[in-house]
Amino acid sequence: QRLIDLYHEKGMNQAAVEVIEGDRAGDRRVYFEISEGPVEKIWSINFVGNAVFSSAVLATKIRSRDAKGGLTPYFFNIASRIKIEEDKNGLVAFYRSLGYFKARVDYRMDYYGSGEYIDLTFVIDEGPQFRVRNVSVIGNQYFDTDTLMAALELKSGQPFKLLHMKRDQMKLRNEYYGRQGFVYVDISPEPRYIEDSDEIDLVYRITEGDQHIAGAINVHIEGDSSHTRHNVVVNHLGIREGQLIDLAELEASERRLKFSQLFETNPAMGEPPRIEVRPPDLDSNFDY
């Protein structure tokens, strides 16, 4: 199967691999018989069944490329079956991220005479776009429900959009709990499907955890380290000992360190600067 996948990845979709020896008791060697077939190239890419999104939009969601009507028949248009399968799954993910949870995508490959060129067609059944029936938050104690609900962008009656749901998740984390020291808050959005309906209920399940304040701020520098460099690092931080830990400020401080040009940020040359929040030692009064 790995050999077949290798050939498919290279656009040799008609390749056949047969085990002649090696799969029976007593065999002392492994012998594969391989028929490679031609390297297939994509002449054109088409979409059928799509009504909500144009073919031009869908073409930006896939990695496969065609020959542009013969303008580029030999470059970047290998018909990799692995890539085509990934494109099919990517199109499904695109539709479902916008609430088309029943969307289905398949494809067909129509060959020209020699079998070297194909027309690739993605066949799409979009289905209905699901809407949000109810939105709720559960598990919250520090913030009241009305405050959190008012902050949400995705509301009852709107079409479901994955991006909006993730934005709301991060907003509750960073702008509310994260600013009040809830370092380990967990906010899990749960879309709940309603049977025989094109609607969903959206529930944000919140596990608040405890509030934490900053204790000792430790600076660890690999290589040349000095008291001055430690002070420079601390000056780039927006949090001081004794303050509530602000997750949004931690992320902003980490960005400032990365763009300060004080430290190596190329992963190939070393680990870029990062800020970690660790549990306190047993004899410490603070987290750090």
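This is a short tour of a predicted model, with one selection to make at each stop.

**Stop 1: a nonpolar patch**

Start on the surface by selecting Leu3, Leu6, Val19, Val30, Phe32 and Ile34. Together they make a nonpolar surface patch of about 470 Å². Two elements give two or more residues each to this patch: helix H1 (2-9) and strand E2 (31-35). Now click on Leu3, which you'll find in helix H1. Is Leu3 buried, partly exposed or exposed? With 31% relative accessibility, Leu3 counts as partly exposed.

**Stop 2: a charge over a ring**

Next, select Arg29 and Tyr31. The charged end of Arg29 sits over the ring of Tyr31, at 5.4 Å from the ring's centre.

**Stop 3: salt bridges**

Time for some charges. Side chains of opposite charge can pair when their charged atoms come close. How many salt bridges does a search of the whole structure find? The count is 16, and we'll visit a few of them.

Select Asp198 and Lys102, whose side chains meet in a salt bridge with 3.7 Å from N to O. This pair links distant parts of the chain, 96 residues apart. Asp198 is in the loop between strand E7 (186-193) and strand E8 (199-207), while Lys102 is in the loop between helix H3 (81-97) and strand E4 (104-111). Asp198 counts as partly exposed because its relative accessibility is 33%. Lys102 counts as partly exposed too, at 46%.

Now move to Asp201 and Arg133, another salt bridge, where the closest N and O atoms are 2.6 Å apart. Here the link runs between strand E8, which holds Asp201, and strand E6 (residues 131-138), which holds Arg133. The two residues are 68 apart along the chain. Which side of the buried cut-off is Asp201 on? Buried means under 20% relative accessible area; Asp201 has 16% relative accessibility, so Asp201 counts as buried. Its partner Arg133 comes out at 34% and counts as partly exposed.

Then select Arg256 and Glu249. They form a salt bridge as well, and their closest N and O atoms are 2.6 Å apart. Arg256 has 35% relative accessibility and counts as partly exposed. Glu249 is partly exposed, with a relative accessible area of 21%. One more selection for this stop: Asp23, Arg24 and Asp27, which are joined into one network by salt bridges that share partners.

**Stop 4: aromatic rings**

Let's switch to rings. The structure holds 17 aromatic pairs. Pick Tyr95 and Tyr100, and turn the view until you can see both rings. Their centres are 5.7 Å apart and their planes are at 90°, so this pair is edge-to-face. Both Tyr95 and Tyr100 are buried.

For another pair, select Phe101 and Tyr193. How are these two rings arranged? With centres 5.3 Å apart and planes at 90°, the rings of Phe101 and Tyr193 are edge-to-face. Phe101 lies in the loop between H3 and E4, and Tyr193 lies in strand E7, so the pair ties together parts that are 92 residues apart in sequence. Look at how much of each one shows. Phe101 is buried, with a relative accessible area of 16%, whereas Tyr193 counts as exposed at 53% relative accessibility.

Finish by selecting Tyr142, Phe143, Tyr176, Tyr177 and Phe182. Ring pairs link these residues into a cluster.

Conventions:
Residues numbered from 1 in each chain as written. Predicted model: local features only at pLDDT ≥ 70, side-chain atom pairs only at ≥ 80, totals over all residues. Heavy atoms only, no water. Patch = residues over 30% accessible without salt bridge, like charges linked within 9 Å, V, L, I, M, F, W, Y side chains within 5 Å. Areas by Shrake-Rupley, 256 points an atom, 1.4 Å probe, with all protein chains shown as cover. Salt bridge = Lys/Arg side-chain N within 4 Å of Asp/Glu carboxyl O. Helix = DSSP H or I, 4+ residues; strand = E, 2+ residues; numbered from the N terminus. Buried < 20%, exposed > 50% of the residue type's maximum accessible area, 1.4 Å probe, protein only. Phe/Tyr/Trp six-rings, centres within 6.5 Å; stacked < 30°, edge-to-face > 60°. Lys NZ or Arg CZ within 6 Å of the ring centre and 35° of its normal.
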